[in-house]
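Please look over the structure shown here. The report that follows goes through its local features by topic.

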Amino acid sequence: MRFSYRWLKEYLPVKKTIPEILDGFTISGMEVESAVDLGALSGRIVIGQIEKITPHPQAENLANCLVNAGGERPLNIVCGARNMKEGDKVPVALEGAQLSNGITIKHTRIRGEVSEGMLCAGDELGFNNDHSGIFILPEEFPIGEPLDMLIDISITPNRGDCLSVTGLARDLSAYFNKRFSQPAVRILETMDHIENHLKVTVQNREACPRYGARYIRGVRIGPSPGWLAYRLESAGLRPLNNVIDATNYVMLEYGHPIHAFDIDRISNHHIIIRNARKGENLEMLDGTVLTLTEEDLLIADPREPIALAGVMGGKNSGITPSAINVALECAYFDPLTIRKTRRRLGKQTEASYRFERNVDIEAIPRVLDRVATLIQQISGGEIVQGILDVKNFKSAKKFISLSIKNTNKCLGTNLGPREIADLLVPLNLEISNSDTENLLFCAPSFRNDLVREIDLIEEAARMYGYGKIKPTLPYLPSKPTTQTKIVMVEKQIRDILQSLSYDESITYSFTSSDLTQALGLPLEESVKLTNPISSDQDIMRASLLPGFIQSVAHNLNRGMLNLRLYEIGKTFKRKKDDIQEEIRLIAGICGEKSSSWKQKGEPVDFYDIKGLGEALSEKIGFAGLLIEPLSGGNYYHPRRSARFIKGEVEICRFGELHPLIADCLELKRRLYIMEMNVSQIAPLARKTIAYQSIPKYPSITRDLALVLDDSVSALEVEELIRESAGAELESLVLFDLYKGDPVPRRKKSLAYSLVFRAPDRTLTDEEANETMQKIFDQLKERFNATLR
């Protein structure tokens with residue numbers, strides 16, 4: 001919210017210096033984003049009046065201006081502009097003034113003539129972007145006074161009441177413990193009544209609970225007076241004509257948007273507030289044509305739309321130079337309705353910005369009276385008696401109880417009821433009831449953000465001053481806490497993956513339905529967002545895969561070709577009328593294994609991601625897992641994917657991303673992924689650490705290389721070996737898989753390393769050989785295996 005210091009001080013009931021005012025804003029919670037000094041602080045840019053203009057004797061394109069700047073004598077200033085005339089009031093930069101472009105003004109000679117300052121254009125001051133000529137000031141400005149300061153305040157979304165000059169002055173007055181009074185409005189009306197000239201019908205009363213209208217006839221459209229145009233420009237608005245400028249001025253003054261219609265361009269003088277029809281078009285004041293939906297709220301006449309409610313007016317009813325009779329609109333529109341329309345259409349305006357943050361529904365008659373009076377003052381015309389006020393709400397006072405004990409507990413203070421009341425009453429909070437323990441306040445209608453007790457405590461803190469509150473450590477009695485199994489397993493997984501040099505990826509819980517469908521994931525169980533922040537984030541993620549693949553692609557496209565990433569997060573699925581949330585894990589590798597100066601790293605493959613799944617499962621408490629080919633994994637490679645199971649429960653699944661998906665996403669490397677449902681497996685994890693003595697007796701190692709049919713799985717072979725070997729088999733490791741010459745076609749070679757050990761004696765070679773023969777016999781009988 002940008003405004004002029006000259007404008008603000010008209011409403012402040014207390015005289016303070018500029019630094020005190022800026023500090024007051026900051027300390028009371030209003031962040032000062034910028035303060036552009038136009039002489040109000042430095043005193044080096046002042047208001048001057050041109051007394052005489054004479055040609056420069058040495059340059060045709062220059063002129064000597066004799067300027068009264070409030071000093072002992074007029075100043076001679078050489079100027080190249082041509083838009084000013086004798087008697088104009090202009091900004092004068094005196095010696096030592098620093099302009100917005102960094103130039104410091106000095107006494108100098110220009111083509112032989114002394115120049116004792118500079119007459120400034122708007123852009124040289126930082127006031128606007130106009131460099132067409134000297135900035136002509138309003139004739140009301142007093143000669144010799146410092147010009148101004150432009151202050152820009154950052155307003156938080158909950159403080160829509162401060163999106164106005166009077167709102168800021170009211171809040172600042174409360175900080176300085178002064179009661180703020182709204183300027184009185186005196187209105188002169190005709191005997192004729194508005195109902196004879198205008199009709200208003202509100203069809204959607206939920207989206208428009210209050211609509212007010214006034215009627216002015218006989219206005220004369222023209223340029224606005226200098227003082228009004230100056231104030232609009234100080235707020236960053238461009239002056240258009242006196243009627244439109246008056247509505248914008250009162251919006252900045254009171255914080256409530258107003259719109260003016262040329263009533264003679266409205267069919268039957270009948271204003272209708274309704275929802276748009278699907279596909280209905282509306283040409284806006286800026287010339288754009290919008291295609292509307294049934295969710296958009298319109299201002300219309302019986303024939304066509306004339307404005308997009310709360311956003312912008314239509315071109316077919318705007319104020320043109322020929323307008324004579326004007327209808328003024330001041331309404332309360334539902335913030336959510338306006339926000340949805342604004343976001344969908346990408347049309348943010350000063351009006352929509354304020355409606356989205358809530359306006360004062362009770363202020364509508366006062367705002368209409370103020371703007372009607374101002375238009376009459378600067379445009380002439382007659383204000384027709386009465387306001388058409390269509391209401392669909394019950395005015396009710398909002399009472400909030402405040403506990404003295406809770407206030408002091410939250411703030412760490414020792415304030416009494418009287419002190420707290422003195423802090424809050426200047427904020428227009430009226431005390432309805434009080435005792436030694438509680439205060440009952442009635443909140444003003446313009447403070448839509450005050451709802452709960454904690455809101456009043458926050459206001460008390462602002463007015464008291466955060467700097468006065470001494471920092472104290474809160475009393476936090478220690479209580480034993482226990483972590484859920486899911487949290488413990490989740491932490492364990494993170495520790496394991498980080499120790500394996502995996503980096504964590506964190507993505508949004510929102511994802512794209514198009515990408516989800518492209519990956520072969522079902523959309524039926526997806527949770528759709530009714531108001532997504534963007535079109536590519538329109539559903540809650542039912543899988544971590546879409547966001548994870550985008551992270552991988554993002555890194556690969558930026559030259560990070562060797563990746564080890566993981567993500568743990570919630571997924572969301574719709575189950576009938578409920579939404580099921582689960583913690584899931586996804587990890588992925590691509591590129592090359594770690595390399596050194598001795599040896600270049602080899603490309604990662606299926607067995608690397610299998611090893612990750614196996615190691616992770618074992619460390620969190622799942623031993624003796626069975627592996628089986630994966631079926632139904634749409635986004636996995638059909639022959640390079642598998643899963644580990646324990647009984648009937650899937651512990652994790654892993655494999656290569658399907659080549660078609662990788663090509664579609666233009667991934668530059670093969671991507672291998674592993675997934676785990678942490679919520680499902682965490683309760684089943686049983687990690688026990690048992691003491692085991694160092695073996696007293698040596699082991700015997702034997703290797704077994706077999707040739708089998710290609711259809712026989714390594715899992716089946718391993719199960720049979722363990723069954724045949726008995727308790728003396730300490731470990732069994734598959735260390736080689738080979739296909740090709742001299743192994744026959746449709747055959748493969750599997751090579752195992754077997755370690756035997758007895759706990760009570762040293763095994764002999766004869767015993768080991770006997771066991772190996774037994775194992776081979778069983779393999780030969782079951783799978784027709786031969787030794788390689």
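Where is the place of N177? N177 sits in the loop between α4 and β11 (189-193). The model is predicted.

## Backbone outliers

N177 is not a glycine, yet its phi is positive, at about 60°. N177 counts as exposed, because its relative accessibility is 52% and the cut-off for exposed is over 50%.

N428 also has a positive phi without being glycine; the value is near 70°. N428 belongs to the loop between α11 (417-424) and β25 (430-434). Is N428 buried or exposed? N428 counts as buried, because its relative accessibility is 18% and the cut-off for buried is under 20%.

One cis peptide bond to inspect links D741 and P742, with omega about 5°. P742 is part of the loop between β38 (729-738) and β39 (747-756).

## T166 in helix α4

Helix α4 spans residues 165-175 and includes T166. T166 is buried, at 2% relative accessibility. What does the T166 side chain reach at 2.5 Å? The partner is the backbone oxygen of E253.

Leaving aside residues up to four places away in sequence, T166 touches Y11, F180, Q182, E253 and Y254. E253 thus appears both as a polar partner of the T166 side chain and in the list of residues that T166 touches.

## Strand β21 and its partners

Strand β21 covers residues 326-332. How many of its residues are buried? The count is 7 of the 7, so β21 is largely enclosed by the rest of the structure. V326, L328, C330 and Y332 point one way. A327, E329 and A331 point the other way. Both sets are buried.

Two antiparallel pairings can be traced. Strand β13 (residues 210-217) joins β21 through 7 bridges. Within β21, L328 stands opposite R214. Strand β14 (residues 259-262) pairs with β21 over 4 bridges, also in the antiparallel sense. Here F261 has A327 of β21 as its bridge partner.

## Nonpolar cores

The largest nonpolar core holds 96 residues. Which of them touch the most other members? They are Y211, I299 and F333. Helix α9 (residues 364-379) supplies the largest share of this core, with 8 residues. Another core lies apart from it and has 31 residues, among them A587, I609, L616 and I681.

I299 shows how the contacts spread. Residues up to four places away in sequence are again left out. I299 touches Y211 and F333. The list also includes F261, I271, I272 and I273. P305, I306, A307, A309 and E329 are on it too. Of these contacts of I299, F261 is the bridge partner of A327, and E329 is one of the buried residues of β21.

## Aromatic pairs

The whole structure contains 13 aromatic pairs. One of them joins F127 and Y230. Their ring centres are 4.9 Å apart and their planes meet at 25°, so the pair is stacked. F127 lies in the loop between α3 (122-125) and β10 (148-154), and Y230 in helix α5 (residues 226-234). The pair therefore ties together parts that are 103 residues apart in sequence. F127 is buried, at 1% relative accessibility. Y230 is buried as well, at 4%.

F606 and F654 form a tilted pair, 5.7 Å centre to centre with 45° between the planes. F606 lies in helix α16 (residues 606-619) and F654 in strand β35 (residues 649-657), so this pair ties together parts that are 48 residues apart in sequence. F606 is buried, with a relative accessible area of 16%. F654 is buried at 0% relative accessibility.

## Cluster and charges over rings

Which residues form one aromatic cluster? F127, F135, F141 and Y230 do. F141 also has a charge over its ring: the charged end of R6 sits 4.7 Å from the ring centre.

R170 makes a similar arrangement with F446, lying over its face at 3.7 Å from the ring centre.

Technical notes: Residues are numbered from 1 along each chain as its sequence is written. This is a predicted model: local features need pLDDT of at least 70, side-chain atom pairs count only at pLDDT 80 or more; totals for chains, interfaces and linings use all residues. Side-chain values use heavy atoms; hydrogens and water are left out. Buried means under 20% relative accessible area, exposed over 50%, partly exposed in between (1.4 Å probe, protein chains only). A polar contact is a pair of N or O atoms within 3.5 Å; within protein, one must be able to donate a hydrogen and the other to accept it, and residues adjacent in sequence count only if both atoms are side-chain atoms. Contact means heavy atoms within 4.5 Å. A nonpolar core is a set of buried Ala, Val, Leu, Ile, Met, Phe, Trp, Tyr and Cys residues joined through side-chain atoms within 4.5 Å. Two strands pair if DSSP finds at least two bridges between them. Rings of Phe, Tyr and Trp (its six-membered ring) pair if their centres lie within 6.5 Å; planes under 30 degrees apart count as stacked, over 60 as edge-to-face and the rest as tilted. A charge sits over a ring if NZ of Lys or CZ of Arg is within 6 Å of the ring centre and within 35 degrees of the ring normal.
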